[in-house]
Amino acid sequence: MHDPDHRPLRYDPAERFASGLPASGAWRPGDPVGERRFMTVTEGRPFALEGGGLLEEITLAYETWGELNADGSNAVLVCHALTGDSHAAGPMSAGHSGDGWWDEFIGPNKALDTNRWYVVCANVLGGCQGSTGPSSDMPGEDRPYAAGFPQVTIRDIVRTQRRLADRLGVGQWLAVVGGSLGGMQVLEWGVMFGDRVRLLMPLATCAAASPQQIAWSAVERLAIVNDPLFNNGDYYDAPPGKGPWAGLALAREISQITYRTTEVFDQRFGRQHVDQRREFDHWGRYQVESYLDHHGQKLVRRFDANTFLVLSKAMDLHDIGRGRGGIEAAFSRLSSPVFTASITSDILYPLYQQAEIHDQVTAAGGRCDHHILDSPQGHDGFLLESTLLGPLIHDAVAETEANL
């Protein structure tokens, strides 16, 4: 007998997500600037990319906290992760969709004490929050690069940061620090521009992306390009609700699972339903599903699908040994001490990868202080565990400063 209350198997995203999600959450000229500053780092000369191709003009959006001292010796560069941006500290405002992603670490009397140090964070090349990327208009044209934006690498990103440092008057960073994608940048700073940094602080990262990490990234990218509204990356003129928001949200939900842990999900959600009355509906949701949907649509409002593709692939391409005779040879180029940190429950960048960094640095005769944080927070521990990680970062930077 037909049950008129039975809900069909057909999936209806309107039941899970808000209506009218934007085609892209990228920052565009004319949007509120917030605390961003902008620096053009090409000065009329094309920028040659590692993988081939040129960018005629590159602008980086960046933010700073504290004051640069007279000899420029107190500057710290903070490098953001995949979906981060220049707003590492400070409150939500019209120009920023949330509080700074490392707000617990940066500020007066915090781990990176801005009463003492000049802290800089730039949105990476290929990003979507003010730096040149797929959502940016091509020079001389009134349309974005979209899928025509070339693939960039971590080395390209670091080369633009070095140009930013030149223009800010920073001849040598006191420290360069970052986790995940940010940690990849830190390692490349050490290999490429070792004389420009006194302390390297790669957190929850790796010397080269593993097959497992590449596999997760590949599935996330497929979620985006298989969205029927992705339109081969040409979606910027689409009205709200008509862009590839579903694919980008799904990519984020996949990654969010890898960022957290079974312990956190068990304690926070258990097997609770959003609506117990719909327990046996095809699309009745558990609380953990609602959590993932929240993070999916939250990212859609502040990020861009093409940027996700470009930066995710840049992470897959990360290998500090590429073209340098292998990882061991690359680590032999490091001239600065290294501070690295692992999260015991990190399933995406497991502890052995940071242990490898430690072992390679010490085998090459360098110094590496490897800290293991006992935390249930998974990969996100480098963002969340300010009580555990903050004092370690502060003391390492302070020690480096004392040895100037």
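**Entry 1: the cavity**

I looked for enclosed space and found one cavity of 30 Å³ or more. The model I am reading is a predicted one. I looked up the volume of the largest cavity, and it is about 30 Å³.

Which residues line the largest cavity? I wrote down Thr153, Ile154, Arg155, Glu188, Ala314, Leu317, His318, Asp319 and Arg322. Two elements give two or more residues to this lining: helix 1 and helix 7 (305-317). I then sorted the lining by character. Three residues are nonpolar, two are polar and four are charged.

**Entry 2: Glu188**

I picked Glu188 from the lining of the largest cavity. Glu188 sits in helix 2. Is Glu188 buried or exposed? Its relative accessibility is 1%, so I noted Glu188 as buried. The cut-off for buried is under 20% relative accessible area.

Next I listed what Glu188 touches, leaving out residues up to four places away in sequence. The list is Ile154, Arg155, Val158, Phe193, Asp319, Ile320 and Arg324. Ile154, Arg155 and Asp319 also appear in the cavity lining.

**Entry 3: the sheet**

I traced the open sheet next. Eight strands form it, in the order 1-4-8-5-9-10-11-12, and the pairing is mixed. Where are the edges? Strand 1 (37-40) and strand 12 (368-373) are the edge strands, and each pairs on one side only. From one strand to the next, the twist averages 20°.

I followed the pairings from strand 1 inward.

- Strand 1 and strand 4 run antiparallel and share four bridges. Here Arg37 stands opposite Tyr62 in strand 4.
- Strand 4 and strand 8 are also joined by four bridges, and they run antiparallel. Tyr62 stands opposite Ala122 in strand 8. Glu63 has Cys121 of strand 8 as its bridge partner.
- Strand 8 and strand 5 pair in the parallel sense, over four bridges. Val78 has Cys121 in strand 8 as its bridge partner.
- Strand 5 (residues 75-79) and strand 9 pair in the parallel sense over four bridges. Leu77 faces Val176 in strand 9.

Cys121 came up twice in my list: it is the partner of Glu63 and the partner of Val78.

**Entry 4: how covered are strands 4 and 8?**

I checked strand 4 residue by residue. Seven of its seven residues are buried, and the strand is mostly covered. Thr59, Ala61, Glu63 and Trp65 point one way. Leu60, Tyr62 and Thr64 point the other way. All of them are buried.

How many residues of strand 8 are buried? The count is five of five. Tyr118, Val120 and Ala122 point one way from strand 8, while Val119 and Cys121 point the other way.

**Entry 5: helices across the sheet**

I looked at which helices lie across these strands. Helix 1 (residues 154-168) lies across strand 1, strand 4 (59-65), strand 5 and strand 8 (118-122). Helix 1 runs at about 55° to strand 4. Helix 2 (residues 181-192) lies across strand 5, strand 9 and strand 10 (200-203). Its angle to strand 9 is about 150°.

Both helices link back to my first entries. Helix 1 gives two or more residues to the cavity lining, and helix 2 holds Glu188.

**Entry 6: Ala175**

I went to strand 9 (residues 175-179), where Ala175 is found. Ala175 has a relative accessible area of 0%, so I noted it as buried. What is Ala175 in contact with, beyond its neighbours within four places in sequence? I found Ala75, Val76, Leu77, Val197, Leu199, Met201 and Val397.

I also checked a long separation. Ala175 and Arg10 are 165 residues apart along the chain, and their C-alpha atoms are separated by 53 Å.

**Entry 7: Pro228**

I ended with a loop residue. Pro228 lies in the loop between helix 3 (211-225) and helix 4 (245-259). Is Pro228 buried or exposed? Its relative accessible area is 76%, so Pro228 is exposed. The cut-off for exposed is over 50%.

I looked up one more distance. Pro228 and Phe331 are 103 residues apart in sequence, and their C-alpha atoms are 44 Å apart in space.

Note on methods. Residues are numbered from 1 along each chain as its sequence is written. This is a predicted model: local features need pLDDT of at least 70, side-chain atom pairs count only at pLDDT 80 or more; totals for chains, interfaces and linings use all residues. Side-chain values use heavy atoms; hydrogens and water are left out. Buried means under 20% relative accessible area, exposed over 50%, partly exposed in between (1.4 Å probe, protein chains only). Contact means heavy atoms within 4.5 Å. Two strands pair if DSSP finds at least two bridges between them. Axes are lines fitted to C-alpha atoms, for helices over the stretch in contact, and angles run from 0 to 180 degrees between N-to-C directions. On a 1 Å grid over the protein atoms alone, a cavity is a set of points where a 1.4 Å probe fits but cannot get out, and a pocket is an open set with protein on both sides within 12 Å along at least five of seven lines; lining residues have an atom within 4 Å of a point. Grid points are joined across faces, edges and corners, and a volume is the space filled by probe spheres set on the points. Ala, Val, Leu, Ile, Met, Phe, Trp, Tyr, Cys and Pro count as nonpolar, Asp, Glu, Lys and Arg as charged, and the others, Gly among them, as polar.
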